[in-house]
Each structure stands twice: as C-alpha cells, then as structure tokens.
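Subject: Model for you to look at

Dear colleague,

Here is the structure I said I would pass on. Please open it first, and then read the notes underneath.

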Amino acid sequence: MAADPMSGESSPQPAEHFDVLIAGAGISGVGAAWHLRHRSPEKRFLVLESQDGFGGTWRTHRYPGIRSDSDLFTFGYGFKPWMGKPIATAEEILSYMGEVIDENDLAPHIRYRHVIERASWSGEEARWTVEGRRSDTGEPFRVTASFLWMCQGYYRHARGYTPDWPGTESFGGRIVHPQEWPDDLDLEGKRVVVIGSGATAATLVPAVAGRCAHVTMLQRSPTFFITGRNANELAQTLRELEIPDEWTHEIVRRKILFDQQKFTRRSFAEPETVKAELLAGVRAHLGEDFDIERHFTPSYRPWRQRIAFIPDGDLFRAVADGKASVVTDHIEAFDATGIRLASGGHLDADVVVTATGFDLSVLGDIAFTIDGQPLAFHETTTWRGTMFTGVPNMAWVFGYFRASWTLRSDLVAEFVCRLLGHMDARGAKRVVPRLRPEDADMPALPWVDEEDFNPGYINRGIHLLPKQGDRQPWRHTQDYWVDRDDMPAADLDDGLRYS
C-alpha cells in the first residue's frame, strides 16, 4: 500500500500487468512457459502456482510407488528428449521438469504459493484482473493480464474423492486417500486394504506388498491392464548406435504413437480380440488356475476407461507371490476391525487406502466473472476443446484420456502462440468464440460422450463442464491423431471474433 500525501491514507499499489498469465506450474504450465519463451519471446508472462514448487500432479501425489501410467517418450515434451525408462517415478519426472526450467531460465517467471481466487474480465480495458492470496503469508495479491492460460489441470489437488461409506467412524484403523498420503504412516506389519482398481491402486499394491503383512486390492469391478517390460527396445538400439538424443526421442515417440493409434482403432473395430489379448497378458503372470474372469475381466469394451500399463507385471507378480490378493465385491459397511462385504465376507484391516479417484475441478475452482457477470462455464460451447463461447482471451488445457496429457498441452501451446501472433497482426486486443449463423440449430452435446469414455470423475462432474457441438470448430474430439493435423491448420477466423 502507498500513502496518499493529501489524506494520509493508504491506496492500493497498481497491479502488475503481463501479456500472458499462466495458471499452474505442472506439466502443462511449464510447457506453456517454454513455448512462450521460444515462440513468443516478445511476450511478458507470469506463471502462478498454488503449491510450494513446480510439478502439479507429481508434487501433489506422494504415495508409495507413484509413477506415470503413460510412457515418458509421449508424456515428456516434444522439445526435450526423455533419456530414462518409459515408465518413470514422480521423482524422475520432477527432475526432468526441473531441467526444463533451469535450461530455459523459466524460474524468474514462476511465483509459488500463490492461490488464485478470482479472475475478472473487463471488456473495456481488454484485460483480466486476477486476485488471490499467498498461502505462506496470507498476503493478498493482484495482477492483470491481456490473456489467461489455464494450465491448472482438471481435479482438486487439496483432496481426493472418497465415497461416503457407512460405518467409517467406527473403524479402529486409519483411512487415507493416496492424494493426502501422511508422512507418518508406517505400514510395516499392517494388514492393508486398497479400495479401487485403477492406475493408483495398481501402483500402490505392488509398492507396499512385502512391506506390510498383506495387501488386498478391493474393487467393485475389474479394470483392463496392459503389461510389458519397462524398457523400449527401439530406444535402446538407437542409443547403442549413438543416434543423437533428439532423433532418438522423435523416432521412438512416432513409433509409440503409431502403435497406440493402431491399438486404439482395433479396440473399436475388434474389441473382443483386443480384450482377449489383454487378458492373455494377465493370465501369463497369474496362470490358468487364477479366476481372471472374476477379477480382471471388465464388463465394458477396452478403452471406455483408461488402460493402465503395469511395468514388468509387478502387480500380478505380487498377487502370484501371495503378498497381495484381489477381492471383487461391494462394500456393505466399515466396522471396528475392517470392511464388511455385500457377499457376507469380511476384510480385516489396520489401514484402508481409498484409491477411489479425483474430485473434478473446473477452472481451478476460481470465481470467474465477465464484465461483472458470473461465468456459467457449463453453459458455454467449446472451440476445439480449448476456448469457450463468450469467454474472451482465455485458453484451457484439458489433456487426452487415451494418449499422454502432454501431447494435448503441446498442441494447445502451439495454438495459443499462433493465436497471440494473429491477434498482434490484426491489431486486436480481444478474441472470443461466437457461434456462427449456421450453428443456430447445432445440438449441445456433452463435453465427453459417455458411450466413448466414462471414468467416474467425469461421470460425477459432467454437469460442470462445457458443451461441444457436432461440427468443427465446436468439437472436443479427444483424439490426438485428429488434433495433430487439425489444430496446427485451424482457421483462426472461423468462429473467433476479434476487436
């Protein structure tokens, strides 16, 4: 605050202004900063991050064994070669991101412990005013920006999703969510139940098996998994041939994407064949006598939910070795000693881990207003899954379900830099998506077609998300192999209005 010499009272300091404000210093936000630094070097930008360091997901989650469920050749950035194993630990990913920050002098552009609470657009001033508080001091802050780039992710980092089961208050042990893993939790000699069947559960179970007395994965229904070596033979061969790292990264990346596209197409064209192949991979580890049908055969076709990669089959090896077990049942209630099951069985437990998913967070739970009016984000229609009708000068990164998140964030980053250059060339200060006259009768479709992809966190929060149309540029395809051609060639005057 500055003192007013006439009144003796304090008046607010003028807000700092930036050309671009990036919300979040996770994998998307750090990538966005790199793209601005290299593609739009004339732009003054700032990254605000609520946590005490970069990393996003890889800083939030600290449970045992935390690792990627996508290969790092495609989850890593296109501009920086990945040199490690395909599936990486959180520590390795954070190290990789730290190198990007250091090598490109991005640290001066990032402010940590800054929690954004409000974002207000002024059409008259053609800028966003972003306000919040510092988590370490409680001090308020206020900055303005001409363009707002939302890279904060899609789920609430402060807490995970845990269903409201009867009897939890009577349980004599500890109940923890992986997203809020306590530093003092000692599993040695404990009977552990991990509730869930997705990538988090499949990571946790082998990580704690052998450290605790026994671990049980309790699931309502099975999930598809794919297993293989945590190695890439093509990358190893190219490195042995001393091919430059940049070439190796790009060649391996293209080969992986080619194989993923083929696998995804097959999951739609011949789902039963793909299903049989996935189950054969599980059976190879667990043997013919294990009840694969009950515990590892989902009721849905492959790729209606994300398929987690199990490196070196570690989950199945833990089960085969007797250190872990799988129970497929429904929870009736918790009691003092564990969990009562709908089948009449009981799981004794000292620790219960609820690997039950995320709480969807739309635009970071930030209160948005447009010229004084609250933003009803769920009533907007998306422009190519990135911008939204009636919302000026803002882009949102929402990654892929069936491919690595970063593939999408890189495409969006290239688009935003191109858009900023297009605005400068036109002398425009504002850009906002508007439906065209020919879109007047276009149906308002959900952000994601539940018949195509239906994870729990999307089903619970679909009412909070924008709509999409049945034609471009109003589609949210969730298809990297379409977007990689369409996004770079998108007509920046189609459905976008400038002033």
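Thr406 touches Ile27, Thr74, Phe75, Gly76 and Tyr77, leaving out residues up to four places away in sequence. Thr406 belongs to helix 11 and, at 0% relative accessibility, counts as buried. Please keep in mind that this is a predicted model.

Arg408 is also placed in helix 11. Its relative accessible area is 2%, so Arg408 is buried as well. Apart from neighbours within four places in sequence, Arg408 is in contact with Arg384, Gly385, Thr386, Phe398, Gly399, Tyr400, Asp483 and Met487.

Two of those residues, Asp483 and Met487, reappear in the packing of helix 11 against helix 13. The axes of helix 11 and helix 13 (residues 480–489) come within 10 Å and cross at roughly 10 degrees. Angles under 35 degrees count as roughly parallel, so helix 11 is roughly parallel to helix 13. On the helix 11 side the contact is made by Leu407, Arg408, Leu411, Val412, Phe415 and Arg418. Helix 13 contributes Tyr480, Asp483, Arg484, Met487, Pro488 and Ala489.

Just outside this helix is Val397, in the loop between strand 23 (394–396) and helix 11. Val397 has a relative accessible area of 2% and is therefore buried. Leaving aside neighbours within four places in sequence, Val397 is in contact with Ser28, Trp149, Met150, Cys151, Trp405, Ser409 and Val412. For a longer distance, Val397 and Ser135 are 262 residues apart in sequence and 24 Å apart in space, C-alpha to C-alpha.

Next, the nonpolar cores. Which residues of the largest nonpolar core touch the most other members? They are Ile22, Trp149 and Met394, in a core of 136 residues. Helix 11 (residues 405–426) gives the most to this core, with nine residues. A second, separate core has 13 residues, among them Leu341, Leu347, Ala349 and Val352. As background, in soluble globular proteins nonpolar side chains tend to be buried together.

For Ile22, the contacts beyond four places in sequence are Gly29, Ala32, Ala33, Leu36, Phe45, Leu46, Val47, Leu48, Trp149 and Cys151. Trp149 and Cys151 are thus touched by Ile22 and are also in contact with Val397.

On the cysteines: the count comes to zero disulfides. Cys417 is in no disulfide, and the nearest cysteine sulfur, that of Cys151, is 11 Å away. With a relative accessible area of 8%, Cys417 is buried. Cys212, at 8% relative accessibility, counts as buried too.

Ala15 is a contrast in exposure. At 22% relative accessibility, Ala15 counts as partly exposed, since buried means under 20%. Ala15 lies in the loop between strand 2 (10–11) and strand 3 (16–23). Beyond four places in sequence, Ala15 touches Arg142, Val143 and Thr144. Ala15 and Phe141 are 126 residues apart in sequence but 8.4 Å apart in space, C-alpha to C-alpha.

Last, one of the sheets. Three strands form an open sheet in the order 15-16-17, with antiparallel pairing. Strand 15 (331–335) and strand 17 (346–348) stand at the edges with a single partner strand each, so one side of each has no neighbour in the sheet. Neighbouring strands here are turned by 20 degrees against each other on average, direction ignored.

Is strand 15, as an edge strand, enclosed or open to the outside? Four of its five residues are buried, so strand 15 is largely enclosed by the rest of the structure. The missing neighbour on one side of strand 15 concerns the sheet, while the enclosure comes from the rest of the structure.

Strand 15 is joined to strand 16 by four bridges, and the two run antiparallel. A hairpin links them through two residues. Phe334 has Ile339 of strand 16 as its bridge partner. On the other side, three bridges join strand 16 (residues 338–341) to strand 17, also antiparallel. Gly338 has Asp348 of strand 17 as its bridge partner.

Regards

Key:
Residues are numbered from 1 along each chain as its sequence is written. This is a predicted model: local features need pLDDT of at least 70, side-chain atom pairs count only at pLDDT 80 or more; totals for chains, interfaces and linings use all residues. Side-chain values use heavy atoms; hydrogens and water are left out. Buried means under 20% relative accessible area, exposed over 50%, partly exposed in between (1.4 Å probe, protein chains only). Contact means heavy atoms within 4.5 Å. A nonpolar core is a set of buried Ala, Val, Leu, Ile, Met, Phe, Trp, Tyr and Cys residues joined through side-chain atoms within 4.5 Å. Two strands pair if DSSP finds at least two bridges between them. Axes are lines fitted to C-alpha atoms, for helices over the stretch in contact, and angles run from 0 to 180 degrees between N-to-C directions. A disulfide is a pair of cysteine sulfur atoms within 2.5 Å. Angles under 35 degrees count as roughly parallel, over 145 as roughly antiparallel, 65 to 115 as roughly perpendicular and the rest as oblique.
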